[in-house]
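Here are my notes for a colleague who has not yet looked at this structure. Please read them next to the sequence and the model.

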Amino acid sequence: MVEVCTVDPVIAEQLGSSHPLARHLDDFLTDLANAGKSAHTRRAYRGDLIAFAAHHGEELAELTATPVRAFLAELAELSPASRKRKRAAVASFTKWAVRHDLLDANPMDRIDTVKVPKALPRPASAADVAKVLAVICSRRPRKETPLDRLRDRVLFETAYVGGARASEVCGLYVEDLDLRLDDEHVRIHGKGGTVRTVLLDDHGYVTLLKLYLARAGYTAGPLFRASINGAAGLLSYDAAHHRWQRNCAQARVEIDIHQLRHAHATELINAGVSIEAVRRRLGHASTETTQLYALLDDKVADTEIRAARRRRDRAAH
């Protein structure tokens with residue numbers, strides 16, 4: 001009996017199953033899945049590597065630094081962050097190929113890294129976030145409020161009050177919640193397989209969350225589901241992003257879904273919460289990333305400076 005080898009349907013559609021790199025890309029993505037990489041990460045790798053494979057149509061063993069440089073040169077008009085991501089995808093693939101004896105040497109060792117200028121986060125204002133959330137439904141929803149709107153309100157508010165990434169929130173399960181009275185927490189699965197426990201200290205939000213669970217009848221399984229009858233699996237990030245943008249348009253507010261996380265972090269910094277505490281809450285690997293929020297307009301610092309100036313002026317008189 002002859003074994004029929006198939007490749008990822010997206011790879012087959014965009015490259016063709018006979019492409020010299022098709023089978024290798026499929027094996028690489030399978031290994032990523034087996035290593036526990038998220039579906040979102042695998043989709044990003046797949047897109048970037050399909051673009052690279054469309055540029056380099058030779059056998060993997062013949063891959064050198066020259067075609068990689070040519071591929072990256074064609075991306076010159078993209079932002080540094082986008083170019084860095086695409087380079088990283090190729091680098092991960094070639095590293096995998098060397099480890100599996102498909103390449104004698106890694107051509108990426110001869111390719112310079114892409115430097116990305118550090119940009120300050122762009123937090124949304126609390127007023128603008130409130131406008132969008134209000135468009136979805138009230139924190140005290142009526143009984144006739146559709147369950148999918150209640151789900152969306154709780155989903156986006158979870159990202160906001162917990163400082164979580166939207167993709168992390170979409171991946172939550174009911175079992176990740178600990179709703180003991182006055183000590184409510186949620187366990188968030190972050191990048192690189194990390195897990196952090198986040199305090200849910202907004203009582204209005206907790207009340208809404210419990211109402212949602214009661215209305216939906218969920219006692220286990222995905223917290224935010226793709227269908228309101230609960231029969232489907234997790235709501236995808238793409239679906240959540242689309243629904244967020246639609247509500248923003250209705251509220252006439254321009255906020256990217258990731259700005260909810262930035263807004264939460266900035267509010268904590270401005271309230272005097274330490275950098276280390278904010279780092280742990282957001283799940284940053286180092287304080288260097290978190291410190292960017294401290295470079296924003298810091299109301300706490302302004303207050304301290306004004307108070308010090310007043311004390312100095314009084315002492316002078």
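**Notes on the sheet, the cores and helix 4**

1. The sheet is open, with 3 strands in the order 1-2-3 and antiparallel pairing. Strand 1 (177-178) and strand 3 (195-199) each have a single partner and stand at the edges, so one side of each has no neighbour in the sheet. Strands are DSSP runs of E of at least two residues, helices runs of H or I of at least four, both numbered from the N terminus; pairing requires at least two DSSP bridges.

2. This is a predicted model: local features need pLDDT of at least 70 and side-chain atom pairs pLDDT 80 or more, while totals for chains, interfaces and linings use all residues. Residues are numbered from 1 along each chain as its sequence is written, and side-chain values use heavy atoms, without hydrogens and water.

3. Strand 1 pairs with strand 2 (residues 185-189) over 2 bridges. Leu-177 lies opposite Val-186 of strand 2.

4. The largest nonpolar core (buried Ala, Val, Leu, Ile, Met, Phe, Trp, Tyr and Cys joined through side-chain atoms within 4.5 Å) has 44 residues, and Phe-156 and Trp-244 have the most contacts inside it. Helix 7 gives the most to this core, 8 residues.

5. Which residues of helix 4 (residues 65-73) are buried? They are Ala-65, Pro-67, Val-68, Phe-71 and Leu-72, buried meaning under 20% relative accessible area and exposed over 50%, with partly exposed in between (1.4 Å probe, protein chains only). These residues fall within an arc of 165 degrees, so they line one face of the helix; the arc is taken over directions from the helix axis to the C-beta atoms. Thr-66 and Ala-73, on the other side, are exposed.
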